[in-house]
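Here's a friendly walk through one structure, starting in a loop and working outwards. Keep the picture open while you read.

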Amino acid sequence: MDTKDNALNVSRRSLLKGGVMGGATIATTALLASCGIKTANASSGSGTDYPSHPKWKFVFVNHVTTNPFFVPTIYGIQDACNMTGCTYSWTGSETSQVSQMVNAIDAAIAANADGIATSIIDPTAFNAPIARALAAGIPVVSYNSDAPAGSPNKRMAYIGQNLYQAGQLLGQRILELVPKGSHIGLFIATPGSLNIQPRMDGIIAAIKAAGSPISYDVVATGALLEQELPAVQSWYQGHKSAKGMFAVDAGSTQSLGQVMKQYNLTSQGWHAGGFDLLPLTLQLIQEGYVDFTIDQQPYQQGFYPLLELYLYKLSGGLEYPSDIETGLKFITKANVAPYLKTKSRFEGSTSKELDLAKA
């Protein structure tokens, strides 16, 4: 293999597997340019590295389309579109209504979408529409949440966090923080929804595996951010002798942090933690009101599904989508500073691209 071939292989591996970790689209473009490779032209759907192709349109079906958690997911989709010369649409439900999501999938099929990425939040309702899409020759992947193990669902790949394992690890962290015999609240936006219920199941399994040294209430907070804070406040008012609040979704996590601060519960021996990187949650960690949150890298949950659908189309089906674990990272007061100081599309804190040339 000569130097040019080696540069091509290294650059392509970096683009498809490591680019999102090392920098934004501008960084990947600079890498390819340094190897003498041009990236796809977003206006024509063509480039010199990959063959010219139609300007494919991929449909992302989501369960809470206006939730701030998915802002970096959308940026990931946009950046992947800019790299590949494709387009996308963002549709589904604002309030986790499965019927609305199924209708969105059927609409994508009727419109002859070039690929579909959907969160699968119900154990059976997505089986038939995904089968219809595949029968129509439309590739389908899931992101953020997936069909349960052993499901007959035929989606081609899942891109997201191992949700049950994340819940188990959160449960173990709770047991390290909260004294034996304590009572805690466990908050979940939409019980039963496959994007968060496996986390709750994992937490409860960890507590039971330890001999159930603490007791807990499972509290539903609602699909919309404005519903969640009142639900957490209400639970606290009825459980002032408890010692902790923990959540499995972004909005509930931010809300329990707000309640921790409102009543200065840290000084009373309470602990709190949950999921995701909403700006207020990060600030509350810095201020000491929330012990931790878990990063599941939402940018990758938009970026990689689009790339996998694109490669499937580009290769004529030879590059079959693969499962991608987007990881789990505990963010605490010890490592939260970079998240607060750095504004980037990766965490949804700005719409602007990083300019690494000025870094």
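Leaving out residues up to four places away in sequence, Gly222 touches Ile188, Ala189, Gln227 and Glu228. This glycine sits in the loop between β7 and α8. The model you're looking at is a predicted one, and in it Gly222 has a relative accessible area of 17%, so it counts as buried. Now look for Gly251: Gly222 and Gly251 are 29 residues apart in sequence, yet their C-alpha atoms lie 9.1 Å apart in space.

One of the residues Gly222 touches, Glu228, takes us straight into helix α8, which covers residues 225-237. Which residues of α8 are buried? They are Glu228, Ala231, Val232, Trp235 and Tyr236. These five span an arc of only 135 degrees around the axis, which means they're on the same side of α8. And what do they pack against? The buried residues of α8 meet β6 (183-188), β7 (215-220), β8 (244-247) and α9. Turn to the face that points away from that buried side, and you'll find the exposed residues Glu226 and Ser234.

Let's go to another loop, the one between β6 and α7 (197-209), where Gly192 has its place. Thr190 is in the loop between β6 and α7 too. Are these two buried or partly exposed? Thr190 has 18% relative accessibility, so it's buried, while Gly192, at 42%, counts as partly exposed because the range for that label runs from 20% to 50%. Setting aside neighbours within four places in sequence, Thr190 is in contact with Ser96, Ile196 and Ala223. With the same neighbours set aside, Gly192 is in contact with Ile121 and Gln197. Gly192 also has a C-alpha atom 9.2 Å from that of Pro123, though 69 residues separate the two along the chain.

We've already met α9 as a partner of α8's buried residues, so follow it to its meeting with α10. Helix α9 is made of residues 250-262 and helix α10 of residues 279-286; their axes come within 9 Å and cross at roughly 40 degrees. The two helices are therefore oblique to each other. The crossing in which α9 passes α10 is left-handed. On the α9 side, the residues involved are Thr253, Gln254, Gly257, Gln258 and Lys261, and they meet Leu280, Thr281 and Leu284 in α10. Sorted by class, that contact has 2 nonpolar, 5 polar and 1 charged residues.

Just past α9, in the loop between α9 and β9 (271-275), you'll find Asn264. Its phi is near 50 degrees, a positive value in a residue other than glycine. Most residues other than glycine have a negative phi. At 36% relative accessibility, Asn264 counts as partly exposed. Asn144 has a positive phi as well, near 70 degrees, and its place is in the loop between β4 (140-143) and β5 (158-160). Asn144 has 3% relative accessibility, so this one is buried.

Two further helix pairs are worth a stop. Helix α3 (residues 71-84) packs with helix α11 (residues 300-314) at an angle of about 35 degrees, with the axes 6 Å apart. Their crossing is right-handed. From α3, the contact uses Thr73, Gly76, Ile77, Ala80, Cys81, Met83 and Thr84; from α11, it uses Gln301, Gly302, Phe303, Leu306, Leu307 and Tyr310. By class, the residues of this contact divide into 8 nonpolar, 5 polar and no charged.

The other pair is α4 (residues 98-110) and α5 (residues 127-135), whose axes come within 10 Å and cross at roughly 10 degrees. That angle makes α4 roughly parallel to α5. Here Val102, Ile105, Asp106 and Ile109 in α4 meet Pro129, Arg132 and Ala133 in α5. This contact has 5 nonpolar, no polar and 2 charged residues.

Finally, step back to the whole chain. It has 12 helices and 12 strands, and buried residues make up 51% of its 359 residues. Among contacts between residues at least 6 apart in sequence, 72% join residues at least 24 apart.

Note on methods:
Residues are numbered from 1 along each chain as its sequence is written. This is a predicted model: local features need pLDDT of at least 70, side-chain atom pairs count only at pLDDT 80 or more; totals for chains, interfaces and linings use all residues. Side-chain values use heavy atoms; hydrogens and water are left out. Axes are lines fitted to C-alpha atoms, for helices over the stretch in contact, and angles run from 0 to 180 degrees between N-to-C directions. Helices (H or I, at least four residues) and strands (E, at least two) are DSSP runs, numbered from the N terminus. A crossing is left-handed if the near helix is turned anticlockwise from the far one by less than a right angle, and right-handed if clockwise. Contact means heavy atoms within 4.5 Å. Ala, Val, Leu, Ile, Met, Phe, Trp, Tyr, Cys and Pro count as nonpolar, Asp, Glu, Lys and Arg as charged, and the others, Gly among them, as polar. Angles under 35 degrees count as roughly parallel, over 145 as roughly antiparallel, 65 to 115 as roughly perpendicular and the rest as oblique. Buried means under 20% relative accessible area, exposed over 50%, partly exposed in between (1.4 Å probe, protein chains only). The arc is that of the directions from the helix axis to the C-beta atoms.
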